[in-house]
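Trainee: Could you take me through the aromatic side chains and the packing around them? I would like one close look, from the ring pairs out to the nonpolar cores.

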Amino acid sequence: MRVAQMHFATTLNKVKQPHTMSMHLEFLRRTSIGPALFNVRDVKIGRGTSVIHVTLFQEGGDREEVAAYITNSNLVTEEGTSFPTGWKLEPAPPSANVAALKAGTDDTWKEQKSMPFAIFRRASQHVNFYFPKQGQRMRSLADQWMCFSNGERFTNTSLGYVSDMFPQILESYRTGSDPYAVEPLRDAKEINELAAQQKGFSSAWYPTLLLNLDVKKVLPEEGVEFLFLRVRAKQIKNGRYDLEVIIMDDTGDVVALSHHVCMVMSAQRNLQARSTSADKPSKL
């Protein structure tokens, strides 16, 4: 999304479409920590919306790992037919006070300072997570408030990261209880040991096959400190499951919607050496 932002601010500056409206990501191969090369191709440049194709490469540009179609528009000047739908979150999450969240004095939410599997999921170490003190309303659902741990604020270019940063719902099924629960606070070592007992998994890997993002609102240019996120699975079957992600701001407005198709695998699949034959181009 940062690449798209830069492309529309420079190469496509004349079209005046600075905001990503939707994004479709296909995760072709697992990425690794290190440099990445982004290739951008203009697919369709229009007066209202424009589409670009962005591909992420690593290993000096030899390994294609993520492919994206990104649609940009101008969400500030957007206008047209509008009707209220009466939609709301069900079940309703506990109410929250953002100022109290920051101060650690909210009556119904508490920061989880001992996130399980944080070493394995290193990207999760950049945010602070706040979960309901009374626990989640359903095992297949997780509500959270989040903020960046370094004081940075969320902007629209953060939404791709936000849409993929949440407690792993399947771990509640694997461990028999919510490993992210804040009261009583569970020991991270105990959580990892419980997970290790489940079907031979030392820890699990939940790779995303594809991710769709639908941006509904432009956040303030200076960003916002907190965002609310609900993630829910509708079916978990045969090692594959779906996730619906709803992102809202502290006014209750929907900021973005996201849908994922995910797999369940042993963490060893993520840690083992790559198969070079899988990365070789086809002879056709």
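Mentor: What follows starts with the ring pairs, moves to the cores and ends at one buried loop residue.

This is a predicted model. Searching the whole structure gives 8 aromatic pairs. Take F129 and F131 to begin with. Their rings are stacked, at 6.1 Å centre to centre with 20° between the planes. Under 30 degrees counts as stacked. Both residues, F129 and F131, are buried.

Now turn to W145 and F228. Their ring centres are 5.5 Å apart. The planes meet at 65°, so this pair is edge-to-face. The cut-off for that label is over 60 degrees. Where do W145 and F228 lie? W145 is in strand β7, residues 141-148, and F228 is in strand β10, residues 227-232. The pair therefore ties together parts that are 83 residues apart in sequence. W145 has 7% relative accessibility, so it counts as buried. F228 is buried as well, with a relative accessible area of 4%. W109 joins these two: W109, W145 and F228 make up one aromatic cluster.

One ring has a charge for company. The charged end of R139 sits over the ring of Y173, 5.4 Å from the ring centre.

Next, the cores. In soluble globular proteins, nonpolar side chains tend to be buried together. Here the largest nonpolar core has 47 residues. Those with the most contacts inside it are L159, L213, L227, L229, V231, L243 and I247. Which strand gives the most to this core? Strand β12, residues 240-248, does, with 4 residues. Apart from this core lies another, of 10 residues. Among its members are L101, W109, Y130 and I246. W109 is thus named twice: in this core and in the aromatic cluster with W145 and F228.

Look closer at L213, one of the residues with the most contacts inside the largest core. Leave out residues up to four places away in sequence. L213 then touches M1, M21, S22, M23, L159, G160, S163, A256, L257 and S258. L159 is itself on the list of residues with the most contacts in that core.

Last, a loop residue. Q17 lies between α1 (2-9) and β1 (19-27). Is Q17 buried or exposed? Q17 is buried, with a relative accessible area of 1%. Beyond its neighbours within four places in sequence, Q17 is in contact with F8, G46, R47, G48, T49, S50, N72, S73 and N74.

Terms used. Residues numbered from 1 in each chain as written. Predicted model: local features only at pLDDT ≥ 70, side-chain atom pairs only at ≥ 80, totals over all residues. Heavy atoms only, no water. Phe/Tyr/Trp six-rings, centres within 6.5 Å; stacked < 30°, edge-to-face > 60°. Buried < 20%, exposed > 50% of the residue type's maximum accessible area, 1.4 Å probe, protein only. Helix = DSSP H or I, 4+ residues; strand = E, 2+ residues; numbered from the N terminus. Lys NZ or Arg CZ within 6 Å of the ring centre and 35° of its normal. Core = buried A, V, L, I, M, F, W, Y, C linked by side-chain atoms within 4.5 Å. Contact = heavy atoms within 4.5 Å.
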